[in-house]
Number of protein chains: 2
Amino acid sequence: MKYPTRLSDAVHIMAFIALNPVERLSSEKIAESIHTNPAYVRQLMSALRKGNLLLSTRGHPRPELAREPRDITLLDAYRALEGNKPLLHQDTHTNPACGVGVNIQLALRDCYDCVQAQAEAAMRRITLQEVLDRYAARLTGLEGHKETPNGSQDSSRGCSADGSADSPEG
Amino acid sequence: MKYPTRLSDAVHIMAFIALNPVERLSSEKIAESIHTNPAYVRQLMSALRKGNLLLSTRGHPRPELAREPRDITLLDAYRALEGNKPLLHQDTHTNPACGVGVNIQLALRDCYDCVQAQAEAAMRRITLQEVLDRYAARLTGLEGHKETPNGSQDSSRGCSADGSADSPEG
DNA sequence: TCTGTTGTAATAATAAAAATTACATCTGGA
DNA sequence: TCCAGATGTAATTTTTATTATTACAACAGA
């Protein structure tokens, strides 16, 4: 760290809950898996709860997902944790006396909105179920090496970037 | 701040150079517009130079773009500044003894790669020329309120997110 | 009541980003 | 050649978002 890992940790929490629907699941137990502390886990769970993704009650170590994994998207989690915070950040401290600079940043905002929209569209297509499927595929892959064993969602959909593959700058 | 604004500042620098092809342009002058210090500007310029986006020589206050604005994409700048750093970060500090946690993060990586690919595709479609066009549109918009006055690239292309518009979580 | 847990606030520690300082090196002109 | 002004770059400090930690009231269940 210290790059933000809230989204990763939040998905971790939800996946962990989905994978342990039966047994007691305290924030301490989850924290052990993430290798962090229980209070941080509870903070993330609090955000997920406010985002209507998680159900949990005080003093009761049995958190539940509020919806089916296939109805929880990465974007849902992102919104719950980050609100409307963008992935790319403008510089809002340019010289106000320099109209050129101000307008360049404003022009950039339109462009960043494009990038944000595409990224969010991708996040909206990724469900918790897909993460779980990929997780399961990894586990079986360690022994048999099959693809998407339960395929409740098309995990092999791929994600071709319509602008073609990565090009060497030149 | 302190969200990263390197990309924004780098685009600012390139746009500023494109808009001032004639006069002397010292790093101090550019820094004035960004409202930062010359050394930071030179650091960014150094990265852009190494990315083959900028030409400049020691002691010579006349930086030039290495390519036409329409041949410089946002992704080019991103690569020059950030290399392969992703927009979303995995948590690489999960408990190694917890196979569940490890594999969840690995499953997440595949998903993040999707998001990254879409975001980069969007960045690849945005050129410096488009930023300049939007800048020009803003300036004229302040008086006449016209759209894309010089239209060297279709600035009004828009950026529909194929996953449909933003949905209220529910 | 007692133990264990959650929900939440407040504070500290960590680390990435930007700001700053310093200086060797170069250009162009006197 | 010498000087002023600039760049390129390294090193250090400051700032601040993120995570870690501490603390505790409120609640569940036995």
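I started with polar contacts (N or O atoms within 3.5 Å; within protein, one able to donate a hydrogen and the other to accept it, with sequence neighbours counting only if both atoms are side-chain atoms). Across the interface of chain B and chain A I get 17 residue pairs, both at pLDDT 80 or more.

I noted that this is a predicted model, with local features needing pLDDT of at least 70, side-chain atom pairs pLDDT 80 or more, and totals for chains, interfaces and linings using all residues. Residues are numbered from 1 along each chain as its sequence is written, chains are lettered from A and ligands numbered from 1 in the order written, and side-chain values use heavy atoms, without hydrogens and water.

Next I checked salt bridges (a side-chain nitrogen of Lys or Arg within 4 Å of a carboxyl oxygen of Asp or Glu). I find four between chain B and chain A. One I looked up is A:R134 with B:D110, where the closest N and O atoms are 3.7 Å apart.

How many residues are in contact (heavy atoms within 4.5 Å)? I have 73 of chain B against 72 of chain A.

Then I moved to DNA strand C, taking a residue as near if one of its heavy atoms lies within 4 Å. Of the 33 residues around the strand, A:S56, A:G59, B:T5, B:T36 and B:N37 come nearest. Sugar and phosphate make up 71% of the strand C atoms within 4 Å of the protein.

I looked at two side chains there. B:R6 has an N or O atom 3.2 Å from a phosphate oxygen of strand C. B:H60 puts a polar atom 3.5 Å from a sugar or linking oxygen of strand C.

Key:
Contact means heavy atoms within 4.5 Å.
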